Amino acid sequence: MDTTSAPLSWRLGSPTALFTLLLGGFMLYLSVGGLLNPVEAARGFGLPLTGTEAIPWMSVKAGRDFGIALALFGLVAARQRKAAGIFVVASIAMPVTDALTVMGQGVSFAYAFAVHGSAVIYGVCLGWALLRPGETRARADLPGTKGAYPPVTRQVAGST
């Protein structure tokens, strides 16, 4: 059994890592907001809840958002770019469901699209960026890769 590990190729400062961390931070913000001010969070979400009936629903949403934030932070910390991409793409089902739910409660399509549709668009764009084939650090000729990968050699026609 080979116990050597490959170098971590997803840099924490890469745009995809930063946009994934940004999403995790936003989900953490929504989670805390849902717990501290459930009525305002329900209003922002698009649910017509104005009193204590907002508390259990926003608690459920806050728990969901907190779990998403932890998963995103963990995937970035473990440098699991492809797994993060799969998670983000799979998570697109949540804002789609959220949009349909709030429209069923009488919220306009425009509001549902602005709030939840924008999350779908962000998820599609980030998921695509995370899942697209990336260049290795050596091929991108980035600092800190000397000796980490075998050099790329090209053969010129007519040379031996």
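Where does Gly-24 lie? Gly-24 lies in helix H1. A helix here is a DSSP run (H or I) of at least four residues, a strand is a run (E) of at least two, and both are numbered from the N terminus.

This is a predicted model, in which local features need pLDDT of at least 70, side-chain atom pairs count only at pLDDT 80 or more, and totals for chains, interfaces and linings use all residues. Residues are numbered from 1 along each chain as its sequence is written, and side-chain values use heavy atoms, with hydrogens and water left out.

**The fold**

The protein has 6 helices and 0 strands. Along the sequence the pattern reads α-α-α-α-α-α. Of its 160 residues, 28% count as buried. Buried means under 20% relative accessible area, exposed means over 50%, and partly exposed lies in between (1.4 Å probe, protein chains only). Take the contacts between residues at least 6 apart in sequence: 67% of them join residues at least 24 apart. Contact means heavy atoms within 4.5 Å.

**Four residues**

| Residue | Place | Relative accessible area |
|---|---|---|
| Gly-24 | helix H1 | 0%, buried |
| Ala-42 | helix H2 | 0%, buried |
| Arg-79 | loop between H3 and H4 | 27%, partly exposed |
| His-116 | helix H6 | 4%, buried |

Start with Gly-24. Gly-24 and Ile-68 are 44 residues apart in sequence, yet their C-alpha atoms are 7.0 Å apart in space. Beyond its neighbours within four places in sequence, Gly-24 is in contact with Ala-69, Leu-72 and Phe-73.

Ala-42 comes next. From Ala-42 to Trp-57 is 15 residues in sequence and 8.2 Å in space, C-alpha to C-alpha. Residues up to four places away aside, Ala-42 touches Leu-47, Leu-49, Ala-54 and Met-58.

Why does His-116 count as buried? His-116 counts as buried because its relative accessible area is 4%. Leaving out neighbours within four places in sequence, its contacts are Phe-45, Pro-95, Asp-98, Ala-99 and Val-102.

Arg-79 has a backbone feature to note. Its phi is positive, about 60°, although Arg-79 is not a glycine.

**Two packed helices**

Two packed helices are described by the angle between their axes and the distance between the axes. H1 (residues 15-36) and H6 (residues 109-131) pack at about 145°, with axes 10 Å apart. The axes are lines fitted to C-alpha atoms over the stretch in contact, and angles run from 0 to 180 degrees between N-to-C directions. H1 gives Thr-16, Phe-19, Thr-20, Leu-22 and Leu-23 to the contact, and H6 gives Tyr-122, Leu-126, Ala-129 and Leu-130. These residues divide into 7 nonpolar, 2 polar and no charged. Ala, Val, Leu, Ile, Met, Phe, Trp, Tyr, Cys and Pro count as nonpolar, Asp, Glu, Lys and Arg as charged, and the others, Gly among them, as polar.

**The largest pocket**

A pocket is an open set of points on a 1 Å grid over the protein atoms alone, where a 1.4 Å probe fits, with protein on both sides within 12 Å along at least five of seven lines; lining residues have an atom within 4 Å of a point. The largest pocket is lined by 33 residues. Phe-26, Met-27, Leu-30, Lys-61 and Ala-119 lie nearest its centre. H1 supplies the largest share of the lining, 8 residues. By class, the lining has 20 nonpolar, 8 polar and 5 charged residues.
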